Amino acid sequence: MGAETKRKTRRGKRGGDAKRPNDTDGTGVATQDTQQGQSNAASASAEGATGYVAPPMSSGDSLFFLDTSAQADNMEDQMEKVSPASYGLVNPDLQKYLKSCEGMLDEPKFETTEDRDIFVNNVYSEMKNFELQLTTDHECSRILEKLFHISSDYQIRRFAALTREDTIRLVVHRFSSHALQTMLLLSAGALERELRGESSDFDGSVEVDESSDNQAVRTALPTFEELVLSLAETLSTRWSYLMSNEYASHILRVLLLVMAGKPIEDQSNPQSAIKSKRSTKYMEDKSNASMSQRSLTVSREVPASFGPALERLLNTVGDAMGDVVARNFTNNAVGSPVLQLMVELQAGFTKTEYPGSILDKTLMNLASAGTTENPRRDSFITIMLGDVVGSHFLQVVAKIASPQLLQAIYDRYMRGSLKTLSFHPISNFVVQSVFANAKNERQLKAMISEVAPIFSDLLFKNRAGVVRALIDSCVRLECGYIDLINALYNGLGVKSPEERMELINLLAFLIPYRNFVSAEYNQLPFKVQGSLIIQSILQFPGDAQTPIMDSFFSQNIDRVISWCKDPSGSRIIEAIFKSPNVPFKSKQRVMERFSGRYTDLAMNKYSSHTVDACWGIADVEFKETVILEMVKNANLLQDNHFGRIVLRNCAFEQYKRRAEEWRERERGLERKKHMFKDILGSKIVTSDVKPATTMPGAQKSAIEDGSKASKKKTSKSSGADEIDSLFKKSHIRASSNDLKHNQPEQASNDISVAIDAKGDKNLEAVMSAISGTKRKSKSKSKSDKKDKEDKEESKSKKSKKSKEEDRKKRRAFVG
């Protein structure tokens with residue numbers, strides 16, 4: 001019996017009845033998947049020199065939601081799948097050729113641009129008619145990504161146009177999806193060039209159809225704008241399925257960012273990375289360039305058609321997405337990043353908290369219903385707070401939520417549980433996001449008052465980020481400073497004014513006062529979060545940051561020098577110099593405390609940045625004091641790597657050789673800095689704007705300073721250049737030589753009078769008048785000089801004539 005059972009089991013594994021349901025639908029007829037597999041097998045056996053033709057998509061591939069009412073609890077039941085593209089194996093000879101070209105793609109060493117273009121054109125010629133086949137190959141798709149980076153805009157447009165007929169099946173393919181993503185990334189920059197008319201480097205925007213007998217037949221090549229819009233329209237029909245596909249979801253994110261013109265990747269936020277860590281590392285290992293260097297980290301200009309198209313796409317997809325599907329995506333590691341981006345982008349177009357919106361579906365009507373009781377919703381959001389993926393979605397919700405929605409989330413799911421949530425390894429990030437995005441003063445003060453009793457635990461038990469989020473909100477909303485400082489005092493255990501003088505130490509080391517007084521100071525380590533808290537407090541306006549500055553000035557200089565030489569401590573000193581709200585007199589006091597120590601500071605990796613920060617705000621006299629100190633220790637600084645960098649930043653060699661020229665250069669830079677500061681704060685008179693009735697005093701004094709400076713013998717950075725910069729800012733074409741000569745003080749007075757003339761003359765006309773006056777004075781001086789020369793010449797002729805007559809008379813008398 002046992003042997004018989006074993007024999008039947010083996011048969012079951014090998015085939016028999018157990019295999020039939022996979023091959024047939026019970027009627028003996030092959031299913032659609034089996035037919036597709038046979039078709040692929042037949043195409044694979046027909047490999048030839050002409051390559052493979054992509055099979056057309058059948059009518060059954062026109063897929064969308066099956067359960068439009070969204071009553072099913074399983075997301076898989078609401079969507080059909082799309083089979084990835086398959087074009088067979090790549091010709092071995094072509095594969096070998098592309099691998100031989102990979103070395104040139106990893107380290108391009110072309111002597112000229114023409115050589116590079118010839119190489120790229122040859123590669124594309126070899127790939128012709130095999131493009132789709134290459135995108136689905138493991139090695140060739142990676143080589144294609146490298147080729148795209150040195151391809152012209154026209155070549156990328158052509159390749160992208162070839163994939164339009166089979167886009168859906170390509171984006172769900174394991175290898176071709178990465179090639180399409182790279183093309184989409186490069187098209188982001190190409191769109192800007194296309195708007196400026198610089199995109200195409202090919203004569204004409206059409207392509208010759210070589211398959212036609214008539215060579216005059218031409219096929220129009222779509223622009224990048226048309227390609228992106230076409231891709232968005234194609235993907236929107238199967239959007240929800242693609243969101244759940246691990247290979248297609250990152251393409252959806254890139255598409256949304258390209259259409260919105262937003263940065264593709266934010267280097268300060270690792271969560272914004274489009275490519276996975278594994279994919280990025282793989283590309284870095286296979287090539288010598290980092291993917292982060294290729295990513296677009298700035299906002300871009302996009303065509304005007306992208307805005308309405310993106311809004312329409314988000315509304316259409318959101319309306320078609322079922323409630324269950326939307327909620328499942330919030331905790332889906334693949335689809336949640338796309339959903340977060342969709343919600344964030346939609347908030348930029350229109351209100352997102354209406355009934356039936358994506359945000360309302362994901363929060364189970366919390367945005368529209370408000371305080372309506374729903375135990376199922378409360379359980380769902382509570383689970384999201386502790387979920388690795390769902391917590392990221394709630395962070396985005398806190399960022400875009402209205403004051404009412406944020407208050408509802410805070411009241412229903414956080415109030416009374418802040419201590420538990422703040423110390424949860426995942427939920428604490430949602431708490432930080434809610435605190436950092438407080439919408440008004442009332443919300444912020446309520447949050448501070450509730451969390452103030454646990455400040456001590458937050459600061460000393462590795463949750464200082466929650467406190468820092470509140471400080472950042474105080475800076476953003478410009479309120480709540482006193483409440484926050486008092487909460488910090490209580491949390492640190494500080495009571496008397498003498499104890500408050502150690503505030504900066506307690507925050508820098510994140511240690512309570514009772515432990516600080518008994519600790520060995522030199523053994524205390526700086527904490528990164530403590531340094532960030534101090535840097536944020538230094539951004540408080542007015543006198544709100546006075547407690548930190550008073551505590552700083554109460555420290556002895558040796559302690560301050562030790563801070564400068566620490567990675568986190570040096571950031572605190574730099575923040576003092578860079579903060580616009582710290583009084584300049586306080587900054588001067590800090591610089592004076594470092595007198596005699598600048599050589600020591602310049603020779604350290606971290607404190608050398610402190611010297612650079614001091615140099616950036618010091619006046620010429622103090623800069624010369626610093627550089628004279630460096631002259632005495634020039635040998636030490638020259639032998640130190642960081643010292644040499646500081647000497648170069650201070651123009652040390654110029655000072656040694658031509659000290660006076662160095663002073664004039666620094667004065668010119670200082671004047672320009674003050675001048676531009678005044679100009680940015682005032683209105684500039686242009687030919688398109690009616691001039692002001694009076695000239696701002698700061699701007700007038702800046703012109704007068706430039707006029708006085710032009711009297712001296714200076715370098716190109718003197719006052720004349722400053723006046724030029726001022727007028728160039730006003731879009732006025734004036735010659736610097738016209739101002740440099742011929743009484744610049746009078747010129748500035750004329751400008752003032754012209755601006756006082758109630759707009760009857762603009763500045764350009766005044767400049768023309770100045771130039772005309774100068775030319776008249778020059779012509780007048782020339783004519784006066786000529787008359788004088790003529791008089792002298794006639795006088796000399798008369799004298800010669802009289803002398804000749806006298807000589808003749810003497811000769812006649814002698815004769």
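Here are some notes on this predicted model, going from the whole chain to helix H28, the aromatic rings and the salt bridges.

1. **The chain as a whole.** The protein chain holds 49 helices and two strands. Of its 815 residues, 45% are buried. Among contacts with a separation of 6 or more, 70% are between residues 24 or more positions apart. The chain exposes about 43300 Å², and carbon and sulfur atoms supply 50% of that area.

2. **Helix H28, its length.** Do the ends of H28 lie where its residue count says they should? What span should the 14 residues of this helix (residues 464-477) have? At 1.5 Å a residue the expected value is 20 Å, and the end C-alpha atoms are 20 Å apart, so the two agree. After the helix comes Glu478, which has a positive phi, near 55°.3. **Helix H28, its surroundings.** The buried residues of this helix are Ala464, Gly465, Val466, Val467, Ala469, Leu470, Ile471, Ser473 and Cys474. What covers them? The cover includes helix H24 (418-422), helix H25 (427-436), helix H26 (441-451) and helix H27 (455-460), which come before H28 in the numbering, and also helix H29 (481-492) and helix H33 (528-537). As a reminder when you look down the helix, residues three or four places apart point the same way, because an α-helix has 3.6 residues a turn.

4. **Aromatic pairs.** The structure holds 13 aromatic pairs. One of them joins Phe516 and Tyr521, with 6.2 Å from centre to centre and 80° between the planes, an edge-to-face arrangement. Both Phe516 and Tyr521 are buried. Another pair to look at is Tyr655 with Trp662: the ring centres are 5.0 Å apart and the planes meet at 80°, so this pair is edge-to-face too. Tyr655 counts as buried because its relative accessibility is 9%, and Trp662 counts as buried at 0%.

5. **A ring cluster and two arginines.** Which residues do ring pairs link into a cluster? They are Phe509, Phe516, Tyr521, Phe526, Phe552, Phe553 and Trp563. Two arginines are worth viewing together with these rings. Arg559 lies over the face of Tyr521, at 4.0 Å from the ring centre. Arg589 has its charged end over the ring of Phe553, 3.8 Å from the centre of that ring.

6. **Arg377.** Is this arginine buried or exposed? Arg377 has a relative accessible area of 1%, so it is buried. Its place is in helix H21 (residues 375-385). Thr362 is 15 residues away from Arg377 along the chain, and the C-alpha atoms of the two are separated by 9.7 Å.

7. **Lys146 and Asp106.** A search of the whole structure finds 31 salt bridges. In one of them the side chains of Lys146 and Asp106 meet, at 2.8 Å from N to O. Lys146 belongs to helix H7 (residues 138-149) and Asp106 to helix H4 (residues 92-106), so this pair ties together parts that are 40 residues apart in sequence. Lys146 is buried, with a relative accessible area of 3%, whereas Asp106 counts as partly exposed at 22%. With the cut-off for buried at under 20%, the label for Asp106 follows from its 22%.

8. **The network around that pair.** Which residues are linked with Lys146 and Asp106 in a network of salt bridges? The other members are Glu102, Glu139 and Arg142. I would suggest displaying these side chains together with helices H4 and H7, where Asp106 and Lys146 lie.

9. **Salt bridges between sequence neighbours.** Two further bridges make a useful pair of examples. Arg116 forms one with Asp117, and their closest N and O atoms are 3.5 Å apart. Arg116 is partly exposed, with a relative accessible area of 31%, and Asp117 is partly exposed at 33%. The other example is Arg665 with Glu666, where the closest N and O atoms are 2.7 Å apart. Here Arg665 counts as partly exposed at 30% relative accessibility, while Glu666 counts as buried at 4%.

Key. Residues are numbered from 1 along each chain as its sequence is written. Side-chain values use heavy atoms; hydrogens and water are left out. Helices (H or I, at least four residues) and strands (E, at least two) are DSSP runs, numbered from the N terminus. The expected span of a helix is 1.5 Å times one less than its number of residues. Buried means under 20% relative accessible area, exposed over 50%, partly exposed in between (1.4 Å probe, protein chains only). Contact means heavy atoms within 4.5 Å. Rings of Phe, Tyr and Trp (its six-membered ring) pair if their centres lie within 6.5 Å; planes under 30 degrees apart count as stacked, over 60 as edge-to-face and the rest as tilted. A charge sits over a ring if NZ of Lys or CZ of Arg is within 6 Å of the ring centre and within 35 degrees of the ring normal. A salt bridge is a side-chain nitrogen of Lys or Arg within 4 Å of a carboxyl oxygen of Asp or Glu. Accessible areas come from the Shrake-Rupley method with a 1.4 Å probe; for residues, only the protein chains shown count as cover.
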